[in-house]
Amino acid sequence: MQTTFVKLDNILTQYADIWRTSPFSTPKPSWLDSHPKLQEWLLTLSDEDVDRLQGDDNLLCQQIAAYFPVAQEIYSLIQLPFSNGRTLAERSYAWQRDVPGRKVEQIEAFAAATGEVTSPLIEWCSGKLHLGRYLAEQFNVPVLGLEINSSLVQQANQLALRMKSDARVEQCDVLSVEAEHKLNDQQHAIALHACGGLHVSLLHGCVEKRVQRITLSPCCYHRFNQSAIYQPLSSIAKGSGLQLDEDDLRSAVRQSNTAAERERTKRKALQRWRLGFDLLQRDVRGVDEYLPVPSLSVKLLETNFRHFCQHAAGIKGLTLPNDLDFDDYEIEGERRFFEYARYELVRMTFRRALECWLVLDRVMYLEECGYQCSLSQFCAAELTPRNLLIDAIQR
């Protein structure tokens, strides 16, 4: 794992100018001049091709490698084994109450990959404790959930009572010292899709309290961090010259292949208008640079492009001339989106590499602290792109 990390680190450092430059804010990325064949190939892709490549890291690396050779090396480095999931006993479906369908499948896959559970469980950021209740029912072990949202705590305990499960949830901020005091060396800590700083606090707490086992699927590395710059956990990552900010961390989880088609269509339409407005504001201001606009509601799509631009301009304190040809800018926004969606694939080539870099940092940290670790995929990316599983056992 250390060898893989070092290779990923070298690639991410060498190509940082490429994966950090967004074609959304920079219409003509610098790599266009040095990779003309790559540009030519990208512009031949259909919308269906783009959607398929955006949702499949392996396919993207394989197809782009002919025009961007480093993608082949990235492909080889991001190949992680799938967990040898055990077949769990058939149980009642009571635990599925209030669980969305996709979440049910994710929980079952996570549980199968976890395998035998023999110790009391503590679920970090437990929500309604769906995962914990499922494992408690499977293995006859008690489970304690920690959750900050009082409404979710109440609902979780009601569900556990209805199932007659040896499970309970306490209201607790997992970033607090109080949460660390809930941990002990007899426990098995679990977390499915705990975000950034939240799961880092779990790792620190588990190491401090010598928790027996940790089974974790990390998510959203940019959230709940205490610093604007990512603070590596392992000594090897601390020695890297690669410094990651919040935008870099977001790049590791930029996938929407599990979003509903309707939502993806709306997001694309909003991006087209934003790109049209970007061209407009450059001309109005007489400054050829991107003007950041906060996130805008998809409800604006119920209006028209003119209204959208006036709304965005109002947010930025920009006065628009009366003689603007909004139709022309809307058409140009369509053209920009066509190029952007294809040029963005080059950045996406590094997406899984960034995520593996971050997850390996966590694995190496745990190994340095006396844990024996495995890293695998607990389900297919179609079920969730955040499918990496760290399983660590105290030596």
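**Cysteines without bridges, and a seven-stranded sheet**

In this predicted model, Cys 125 has its closest cysteine sulfur in Cys 195, but at 7.5 Å that sulfur is too far away for a bond. The side of the story told by accessibility is that Cys 125 is partly exposed, with a relative accessible area of 25%. Cys 219 has a neighbour in the sequence to look at: its closest cysteine sulfur belongs to Cys 220, 3.3 Å away, and this too is too far for a bond. A disulfide is counted here when two cysteine sulfur atoms lie within 2.5 Å, so the 3.3 Å between Cys 219 and Cys 220 does not qualify. Cys 219 is buried, at 11% relative accessible area. The final count for the structure is 0 disulfides.

Now for the sheet. It is an open one, built from 7 strands in the order E3-E2-E1-E4-E5-E7-E6, with mixed pairing. Its edges are strand E3 (167-171) and strand E6 (371-377), each of which pairs on one side only. On average, neighbouring strands are turned by 15° against each other, ignoring direction.

Strand E5, residues 213-219, meets strand E7, residues 388-394, in an antiparallel pairing over 4 bridges. Arg 213 finds its bridge partner in E7 at Ile 393. Helix H18 (residues 351-368) packs on the sheet as well, touching E5, E6 and E7, and its direction makes about 160° with that of E6.

Another helix sits by the E3 edge: H10 (residues 150-163) lies across strand E2 (143-147) and E3, and runs at about 165° to E3.

How values were computed. Residues numbered from 1 in each chain as written. Predicted model: local features only at pLDDT ≥ 70, side-chain atom pairs only at ≥ 80, totals over all residues. Heavy atoms only, no water. Buried < 20%, exposed > 50% of the residue type's maximum accessible area, 1.4 Å probe, protein only. Pairing = 2+ DSSP bridges. Helix = DSSP H or I, 4+ residues; strand = E, 2+ residues; numbered from the N terminus. Axes fitted to C-alpha atoms, helices over the stretch in contact; angles between N-to-C directions. Contact = heavy atoms within 4.5 Å.
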